Amino acid sequence: MNVSRRRLLRAAAEGLVLVPLAGCSPGDGHGSPGRGGANVETGSSAGALVRSTARLPAPFTVPLPIPPVLRPARTDGDADVYEITQRVGEAELLPGLRTQVWGYDGIFPGPTIVSRRGRTTIVRHRNELPAPVVVHLHGGRTPAEHDGYPTDLVAPGTAREYVYPLDQPAATLWYHDHRMEFTGPQVYRGLAGFHLVRDDEEDALPLPKGDRDVPLMIADRSFAEDGSLLYPDVHSDYISGVLGDCVLVNGAPWPVMEVAAARYRFRLLNASNARRYRLALDPPPPSGPAFVQVGSDLGLLGAPVGHQELQIAQAERFDVVVDFSRYPLGQRVTLVNRLGENGTANVMRFVVARRAADDSRVPSRLAGFEPLSPSAAVVERTFTFERGGAERHGMPVWTVNGRPFTPDHIAAEPALGTVERWTLRAKNVPHPVHIHLAPFQVLAGGRFTSGWKDTVDLASGDQAEVLLRFDGYRGTYVFHCHNLEHEDMMMMANFRVR
Ligand code: C2O
Ligand code: CU
Ligand code: CU
């Protein structure tokens with residue numbers, strides 16, 4: 001059966017109503033104003049734009065929210081136990097309008113979990129949503145049975161415990177829904193939150209701390225007139241990805257944050273379904289790089305790297321320090337998106353509001369970082385991410401090495417404790433490729449690839465050479481494109497660590 005058909009039937013069977021897109025039905029042709037095929041916006045993000053019919057607020061009027069940090073429900077020896085209920089919540093994402101979200105504890109973003117390296121974190125998820133869910137800790141070094149395999153469902157009305165040993169360096173991880181064929185709509189509705197890992201090595205560094213260590217979850221959404229989220233029904237116009245026209249940071253549209261004339265650490269996460277951003281500061285600081293990168297997807301770099309602009313693809317994290325003392329008091333500094341147009345050209349604004357003492361700095365050595373040597377690789381493999389050859393009922397699928405995802409096909413069987421070299425190739429459109437469990441270093445290709453990564457962004461036609469370290473656990477894991485519509489449309493494969 002055709003994918004969209006299967007998905008629609010399943011949705012109907014579950015009583016899940018996919019939000020209809022105003023003025024657009026599955027029978028519509030291509031090219032209506034406001035939508036269109038792939039690459040509607042400057043060729044950078046695969047996808048088609050959904051236009052809001054709600055009145056969007058003037059940018060930089062809503063204060064930046066910070067997601068609450070979750071407290072453990074209890075502590076058992078060397079494990080901290082958290083409880084989260086996934087439920088429908090009402091949020092005021094746009095001023096004056098109510099938006100129904102699917103949220104961890106009913107909020108978007110979900111609460112932030114803060115773990116300490118080596119202490120086990122147990123999260124008990126209760127599903128009170130009207131659909132099955134799967135929870136994946138993105139970037140986690142997690143045993144396979146707790147990794148959130150796409151068919152490992154938590155049915156409505158049930159609960160399950162995810163156990164995270166978190167024997168890994170301090171890093172900015174995030175958790176999100178991973179349900180097979182429905183990750184796109186379920187994340188879009190709000191199922192995403194931060195999960196930070198801290199360790200002693202990082203604590204000892206003089207980086208900005210406390211309220212100057214700020215997680216920023218960037219995600220685009222579109223809204224109907226009544227404030228509800230618009231996620232189109234799946235048909236060929238959106239097979240390349242769903243792009244919103246309103247940029248949210250921590251759930252607020254184009255927010256504003258008052259800062260001191262001091263250094264801040266920002267944990268940037270792109271939680272968008274299909275949109276990439278090329279971030280810059282406007283105006284740029286009078287001297288030095290706009291962003292000093294101190295961390296990548298999986299933790300601190302060996303040494304800081306300065307960037308005037310940073311391109312962030314879906315699921316990537318960049319940990320950066322911005323020094324606002326370089327600006328005069330009262331200066332407004334806009335975080336802009338050089339890949340955006342109109343509303344999506346802005347992300348948020350900082351206002352340098354006051355002087356303050358600042359004893360933070362960015363040391364020239366951050367963490368122990370050993371580059372893997374290509375000669376350590378015992379196996380080489382190539383994976384090509386491309387559109388499937390055949391279009392069925394106008395519905396192409398996305399494939400890895402020509403195959404749409406099926407849970408029973410294993411594409412690679414790396415041995416525990418080895419290093420492999422994988423060539424990842426992107427065809428047709430850009431693909432941000434994410435590999436579960438195994439951290440990797442990028443030897444060549446990709447963009448902004450310093451440090452340990454779990455996601456590498458590939459331009460269309462690009463390829464990256466990566467060295468992966470399979471030293472976590474045995475078992476079956478997935479790797480996939482993190483354009484969530486590509487992922488839902490089968491651009492995913494299994495590897496089994498043996
Ligand atoms: Cu962030 Cu397999 O996902
Ligand atoms: Cu992941
Ligand atoms: Cu893709």
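## Copper site

In this predicted model, the copper ion (ligand 2) has H136 and H434 as its protein donors, each through its NE2 atom, lying 1.9 Å from the ion. H136 belongs to strand β7 (residues 135-138) and H434 to strand β28 (residues 431-435), so the pair ties together parts that are 298 residues apart in sequence. Both H136 and H434 are buried.

## Nonpolar cores

The largest nonpolar core comprises 64 residues. Within this core, the residues with the most contacts are F266, L268 and F324. When neighbours within four places in sequence are set aside, F324 is in contact with V259, A260, A261, A262, Y264 and F266, and also with V333, F350 and V352. F266 thus appears both among the residues with the most contacts inside the core and among the contacts of F324.

A second core, separate from the largest one, has 33 residues. Among its members are A46, A412, I435 and L458.

## Surroundings of L248

Is L248 buried or exposed, given its relative accessibility of 1%? L248 counts as buried because buried means under 20% relative accessible area. This residue lies in strand β13, which covers residues 246-249.

Not counting residues up to four places away in sequence, L248 touches F108, M217, I218, A219, R221, F223 and P253. Between the C-alpha atoms of L248 and A271 the separation is 9.9 Å, and these two residues are 23 residues apart along the chain.

Terms used. Residues are numbered from 1 along each chain as its sequence is written. Chains are lettered from A and ligands numbered from 1 in the order in which they are written. This is a predicted model: local features need pLDDT of at least 70, side-chain atom pairs count only at pLDDT 80 or more; totals for chains, interfaces and linings use all residues. Side-chain values use heavy atoms; hydrogens and water are left out. A nonpolar core is a set of buried Ala, Val, Leu, Ile, Met, Phe, Trp, Tyr and Cys residues joined through side-chain atoms within 4.5 Å. Buried means under 20% relative accessible area, exposed over 50%, partly exposed in between (1.4 Å probe, protein chains only). Contact means heavy atoms within 4.5 Å. Donors are N, O and S atoms within 2.8 Å of the metal (3.2 Å for Na, K and Ca); water is not among the atoms, so sites may look incomplete. Helices (H or I, at least four residues) and strands (E, at least two) are DSSP runs, numbered from the N terminus.
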